[in-house]
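Open the model in your viewer and keep the selection tool at hand. We will walk through it stop by stop.

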Amino acid sequence: MCIAVLAAMVLVPALLFPLPPLIDYPNHLARIWLIAGGVHVPPLDGIYFEDWRGVGAGIGIDAMAKLLSPILPPSGIGLVLLILAILAPPLGAISLNARMFGGVHAWQPYFLAFWCTQTLVGGFLNFQIGLGLALLAVAADPKAARAGPWALYGWRIASGAVLFIIHPFALFFFAILQAAITFGGDWPAWRDVPSRLSWAGATATVALMPPAIYLFYVQGIPGSEDRAGATALFNDWMGTVRAMASPFTSYDIVIDFLCVLPLAGLAIWALANHKFQAHKGLILAAAGLAAVALLMPHTFGRTGWIDKRFPLLALLTALSATRLTVDLKRQNWVLAGAVVLVALRTAWISLNWAAFTPLVESMRTALADVPAGARVLPMQHDNTSRFGLFHLLGRTTPNFDETFRHYPAMMIPWRHAFTPMMFAQYREKPILLRPAYVAIANPTGGVLYSVHALDHFEMLDPRTQFIRNWRQNFDYVLVLNADIPDRDGPFTPPPGLHLVNDTGFAQLYRVAKTGG
């Protein structure tokens, strides 16, 4: 009952705030809207088209959008996917933990305190949903095993294939969990270690190889042509610390750690008093994942936030591997602590989501004069310093990544307009750009440039050189974060740019096609 109540509690922000500050989420929503039929709406049908050929891995939410579109509107599909992204990881860990230790206990409600991690704030819906389903699939192994060994192997192979389609990390996580459980719940004698490791590896291979062989060698890895020769970028020591803390943080690392401090105290007390039971194979896997996380780059090619993914895998594995044993008298206090902790974190995240809602409305109001089919270039007032806790609520992550980066994608369903930051990678997404728009878009999404890049082209990277010709390529410029000073100084609109709407957070400029 406690788990059900807390699960309902963490969903309250998603129900109250339909467009929360989750970086990639609005870009996904816009694509969902197109998949659900918007791609056939003029004039968007001349900008985007739908093509599922060649896509294979990492399309979980796209496939679900296609399946759900006959029965739910795009906003409903987005809400369902957000709910899954919120609940699947903690409930998956609870389910696997229940399998390991024979049922429900007082430690499990604490797992719901980690419903909002940096990867959720990043809007990584496929990643979040995939991890949760991997945990649930492993937890369901005993039920499949009752039908015999072939049914169990079939279940694992089918689960692995589905998880790879949702997200490759989900398949990797599934294989690691299977190997860890096969390794065993106790520490083996040294002479038995090679045998245990061999069986663990074989178990992982059953889950990992069939879908991997098909997608790697039959269809190829989507996006692999862009990763050939890609550069890996690594963190400094402070970046590594922030990455390792990412499962515990949302919008402000200090406040998030204050929220989870009581849980750290409980864990230290339990360790000191030998109140933890642990599945040794899963603990070993968690330690290995944490060690790998320390070595991960933050970016490889055009894939970012790699360093923030492995720490969450390690945390979910460690939670699944442990049980807090307390007597009945203390159990009620432990459960009360879980309720307080989950309530505090949910309230803090709700505060950020509530503060962000007027910013979304500001942008929508600023876009009101954009006609259908217009080409709109989004920019921002860039800043890397904090202007006070309550002034920037919901706008940035602990790494100062702007959470509003992809909100201009909402002009696609709102205004039926074109933005160059829509996710439309060939062989990775089922929504693609028509040839006339490929040269003026960054289909990987990219970042919002400072508005000063309109006349300081050295700020641009190779993928965004089309911004150099913004007067010819775009009809409007949308500037977000306009109520915050730009780090490069005050912005003076260059010739040919005329202010249309100023709603505080957002400013809309019209591009004059015939000079000043």
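Two strands pair if DSSP finds at least two bridges between them. Keep that in mind for the opening stops, and remember that this is a predicted model.

**Stop 1: the sheet**

Select residues 376–380, which form strand E7, then add residues 476–480, strand E9. E7 and E9 are joined by five bridges and pair in the parallel sense. Which residue of E9 is the bridge partner of Pro378? Click on Leu478 to see that partner. At another place along the pair, Val376 stands opposite Tyr476 of E9.

Now add residues 506–511, strand E11. E9 and E11 run antiparallel, with five bridges between them. Leu478 turns up again here: in E11, its bridge partner is Leu508.

Finally, bring in residues 497–502, strand E10. You now have an open sheet of four strands with mixed pairing, in the order E7-E9-E11-E10. E7 and E10 stand at the edges and have a single partner strand each, so one side of each lacks a neighbour in the sheet. Turn the view to follow the twist, which averages 25° from one strand to the next.

**Stop 2: strand E9 up close**

Show the side chains of E9. Are its two faces covered or open? Both are covered: Tyr476, Leu478 and Leu480 are buried on one side, and Val477 and Val479 are buried on the other. Five of the five residues of E9 are buried, so this strand is largely enclosed by the rest of the structure.

**Stop 3: Gln380**

Go back to strand E7 and pick Gln380. Is Gln380 buried or exposed? Gln380 is buried, because its relative accessible area of 2% falls under the 20% cut-off. Show what surrounds Gln380: leaving aside residues up to four places away in sequence, its contacts include Glu402, Phe404, Tyr449, Asn481 and Asp486. Gln380 also touches Val479 and Leu480, two of the buried residues of E9. For a polar neighbour, look at Leu448, whose backbone oxygen lies 3.1 Å from a polar atom of the Gln380 side chain.

**Stop 4: aromatic pairs**

Next, colour the aromatic residues. The count comes to 16 aromatic pairs when ring centres within 6.5 Å are taken as pairs. Select Trp107 and Phe111: their ring centres are 6.2 Å apart and their planes stand at 90°, so this pair is edge-to-face. Both Trp107 and Phe111 are buried. Add Tyr110 and Phe276 to the selection, and you have one aromatic cluster made of these four residues.

Now select Phe172 and Phe310. With centres 5.8 Å apart and planes at 70°, these rings are also edge-to-face. The pair links distant parts of the chain, 138 residues apart: Phe172 is in helix H9 (residues 168–183) and Phe310 is in helix H15 (residues 310–321). Phe172 is partly exposed, with a relative accessible area of 31%, whereas Phe310 counts as buried at 9%.

**Stop 5: charges over rings**

For the last stop, select Lys308 and Trp305. Lys308 lies over the face of Trp305, 5.0 Å from the ring centre. Then select Arg309 together with Phe127. Where does the charged end of Arg309 sit? Look over the ring of Phe127, where that charged end is 5.4 Å from the ring centre.

Notes. Residues are numbered from 1 along each chain as its sequence is written. This is a predicted model: local features need pLDDT of at least 70, side-chain atom pairs count only at pLDDT 80 or more; totals for chains, interfaces and linings use all residues. Side-chain values use heavy atoms; hydrogens and water are left out. Buried means under 20% relative accessible area, exposed over 50%, partly exposed in between (1.4 Å probe, protein chains only). A polar contact is a pair of N or O atoms within 3.5 Å; within protein, one must be able to donate a hydrogen and the other to accept it, and residues adjacent in sequence count only if both atoms are side-chain atoms. Contact means heavy atoms within 4.5 Å. Rings of Phe, Tyr and Trp (its six-membered ring) pair if their centres lie within 6.5 Å; planes under 30 degrees apart count as stacked, over 60 as edge-to-face and the rest as tilted. A charge sits over a ring if NZ of Lys or CZ of Arg is within 6 Å of the ring centre and within 35 degrees of the ring normal. Axes are lines fitted to C-alpha atoms, for helices over the stretch in contact, and angles run from 0 to 180 degrees between N-to-C directions.
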